[in-house]
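This report describes the chain shown below. It takes up salt bridges, nonpolar cores, the surface and model confidence in turn.

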Amino acid sequence: MDLSTLSVVSPAGRTTLAGNASYLVGRARGADIVVGDGRVSRHHLVLEPVADGWHVRDISANGLWQDGRRIRGTTLRLGEVRLRLGAVDGPEVVLSPWQVEPPWQVEPPRPSEAVTGATATRPAAGAVAHACRRRHPLRPGTLRLGRSHDNDISVADLLASRRHAELLVDADAVEVIDLGSANGTFVNGQRVERAPVGQRDVIAIGHHLYQLEDDALVEYVDSGDVALEAQDLSVWAGAKQLMHDLTFRLPGRSLLGVVGPSGAGKSTLLNALTGFRPADTGSVLYNGLDLYAEYDELRRRIGYVPQADPLHAQLTVREALEYGAELRFPADTTARERRARVQEVIGELGLTAHADTAVSRLSGGQKKRTSVALELLTRPSLLFLDEPTSGLDPANDQSVMETLKGLAHGGGPGSADESGRTVIVVTHSVLFLDLCDYILVLAPGGHVAYFGPSDGALRFFGKEDFREFAAVFRELENTPGAEMAARFRASEYFVPSAVVAPVARKAPAELPGVRQQPVVAQLVTLTRRYLRVVLADPSYLRMIIAFPFLLGIIPRVIPAPDGLKSLPDAPNPDAMKVLVVLVLCACFMGMANSVREIVKERDIYRRERTIGLSRTAYLGS
């Protein structure tokens with residue numbers, strides 16, 4: 001048998017290597033075989049041809065494992081060798097010398113095979129979520145990419161602009177140029193205006209990824225099957241540590257419930273995982289990519305539903321979503337495109353029967369589904385929810401949790417939501433935690449008291465069902481967090497993660513805004529929405545019409561015979577008094593409207609600021 005060729009079966013599929021060079025396996029985009037898993041180092045191992053076979057050399061921080069033991073390397077001669085990368089339960093690589101005619105033949109994994117990395121020929125890092133769509137041959141000249149169908153490469157994504165970017169292709173170089181797009185063009189995770197594109201570099205436009213492979217662009221779509229990993233996250237507030245070395249790995253298309261008593265760090269964890277307030281040390285990996293390092297690109301794939309519903313009660317469900325779509329999508333999207341996406345989301349969340357119902361008339365569960373629908377407009381791959389069942393009765397609580405489980409798992413082939421997404425929900429409700437695929441229990445101080453499958457949590461804490469789980473909170477409050485964390489680490493339910501030294505994070509760089517529309521366009525949208533809200537509230541409309549008349553009467557009843565008229569021989573002693581009252585009335589009338597609106601819309605304003613809302617446009621509306 002010719003041992004100069006090597007068959008490699010990895011999460012990226014089957015690859016055959018010719019024995020005329022050394023090959024790199026790792027998480028880096030430039031690796032010869034890319035494995036997009038957080039436990040895999042950027043440069044993990046080297047495959048080197050030797051006289052009588054192949055030598056495997058470990059160059060990683062997290063290690064190479066065989067049969068449960070860590071090894072430094074091995075030599076392949078005959079037979080099959082199975083290795084794990086990064087941890088004893090890390091992604092598996094199967095190596096076997098064999099004979100094959102053409103080098104670099106790559107066979108995509110079969111549908112029945114578990115895919116935890118790339119899915120086609122040498123694809124982008126973290127391609128677990130990236131279904132290969134098609135291959136675009138490159139020709140010399142200029143190729144334009146964008147949402148419009150008359151582009152050379154059409155990008156079917158509402159986050160892409162109609163004319164998004166251009167590729168300049170000549171005999172020995174490829175260059176990408178951003179055409180002033182709303183959401184930017186990214187090369188290997190970094191926003192660019194103009195940049196060269198090398199072999200295996202990845203261009204990201206919205207949810208679409210294009211990797212340069214020889215003389216073609218291979219297209220992938222971030223479809224939502226995203227693994228999330230937190231590595232040694234720690235957060236301080238001054239001298240007080242709010243989170244202690246928190247580590248967990250969450251598979252894609254799963255629902256995670258985060259629970260714990262007050263002060264356990266649930267909100268701190270949510271801020272760290274969403275990137276709103278990055279952890280001081282440690283990292284968050286979005287399908288193997290550093291969320292903090294590539295946040296400018298990845299933040300558009302993250303949805304966040306706050307505890308308070310960011311909805312105008314006077315609008316119907318359809319109106320609330322249509323105005324939300326105007327603020328979230330580029331200015332060049334058409335009303336028809338936005339309405340189509342709104343209708344799709346309404347159907348996905350089971351709100352078709354309530355589409356024309358005012359938000360104020362919805363049940364608590366229906367309002368929460370409408371809030372989720374607002375975030376699903378942009379098709380986020382990661383969805384975070386803060387206390388979505390707060391204040392709901394048990395029936396609505398169960399309905400919301402079942403909805404979230406359905407969103408995580410997806411609707412299956414042929415449905416409007418085939419791929420699902422990764423969903424993380426912070427909750428105080430414990431009745432329906434069995435609907436979660438995984439549970440993360442936090443002890444005070446941000447310690448991990450348990451992470452694993454939901455049924456394992458019951459056995460670990462010695463409970464029969466989740467109705468008894470409230471007693472766990474009392475135990476957590478009365479036991480030091482470090483002790484609870486040590487108890488979990490010493491149990492059979494603890495799965496060790498790859499050992500990675502925590503790294504202190506620098507202050508995050510100033511990011512470009514995510515504003516989709518110019519300030520004037522936002523002002524028009526917000527003014528139209530505000531007028532619709534006012535017209536939908538007859539009592540408020542009557543009040544603001546009556547205000548000028550009521551306040552105008554006040555100066556008239558002040559005893560001032562001469563009013564504001566000037567007197568021929570002496571100053572008018574009543575003029576100053578009347579002017580003061582007029583000014584106060586004018587201020588009161590303005591504040592009575594604006595203060596009411598600002599207080600009422602606080603939660604809406606805070607959420608929309610994160611998607612690029614202009615203060616000037618908001619106050620002007």
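A salt bridge here is a side-chain nitrogen of Lys or Arg within 4 Å of a carboxyl oxygen of Asp or Glu. By that criterion the whole structure, which is a predicted model, holds 26 salt bridges. Three of them are listed here.

| Acidic residue | Basic residue | Closest N and O atoms |
|---|---|---|
| Glu48 | Arg57 | 3.0 Å |
| Asp296 | Arg191 | 2.9 Å |
| Asp309 | Lys368 | 2.9 Å |

Asp296 and Arg191 form a salt bridge. This pair connects distant parts of the chain, with Asp296 in helix H2 (residues 295-298) and Arg191 in strand S19 (residues 190-192), 105 residues apart. Asp296 counts as buried because its relative accessibility is 10%, whereas Arg191, with a relative accessible area of 27%, is partly exposed.

The salt bridge between Asp309 and Lys368 also links distant parts of the chain, 59 residues apart. Asp309 sits in the loop between strand S29 (302-305) and helix H3 (317-328), and Lys368 is in helix H5 (residues 364-376). Lys368 is buried at a relative accessible area of 4%, while Asp309 is partly exposed at 25%. Salt bridges with shared partners also join Arg191, Asp296, Arg299 and Arg300 into one network. In the pair with Glu48, Arg57 has a relative accessible area of 35% and is partly exposed.

The chain has 621 residues, of which 53% are buried, and its secondary structure comprises 14 helices and 33 strands. Among contacts with a separation of 6 or more, 60% are between residues 24 or more positions apart.

The largest nonpolar core contains 91 residues, and Leu233 and Phe469 touch the most other members. Beyond four places in sequence, Phe469 touches Val259, Val430, Leu433, Val441, Ala457, Leu458 and Phe461. Another core lies apart from this one and has 22 residues, including Ala12, Leu17, Ile33 and Leu76.

On the outside, the chain exposes about 27,500 Å², with 55% supplied by carbon and sulfur atoms. Leu550, Ile553, Ile554 and Val557 make a nonpolar surface patch of about 380 Å². Val557 belongs to helix H11 (residues 538-557) and counts as exposed because its relative accessibility is 60%.

Mean pLDDT for the chain is 81, and 86% of the residues reach 70 or more. Two stretches stay under 50: residues 99-131, for which the model has 94 contacts beyond four places in sequence, and residues 498-505, for which it has 25 such contacts.

How values were computed
Residues numbered from 1 in each chain as written. Predicted model: local features only at pLDDT ≥ 70, side-chain atom pairs only at ≥ 80, totals over all residues. Heavy atoms only, no water. Core = buried A, V, L, I, M, F, W, Y, C linked by side-chain atoms within 4.5 Å. Buried < 20%, exposed > 50% of the residue type's maximum accessible area, 1.4 Å probe, protein only. Contact = heavy atoms within 4.5 Å. pLDDT = per-residue confidence, 0-100. Patch = residues over 30% accessible without salt bridge, like charges linked within 9 Å, V, L, I, M, F, W, Y side chains within 5 Å. Areas by Shrake-Rupley, 256 points an atom, 1.4 Å probe, with all protein chains shown as cover. Helix = DSSP H or I, 4+ residues; strand = E, 2+ residues; numbered from the N terminus.
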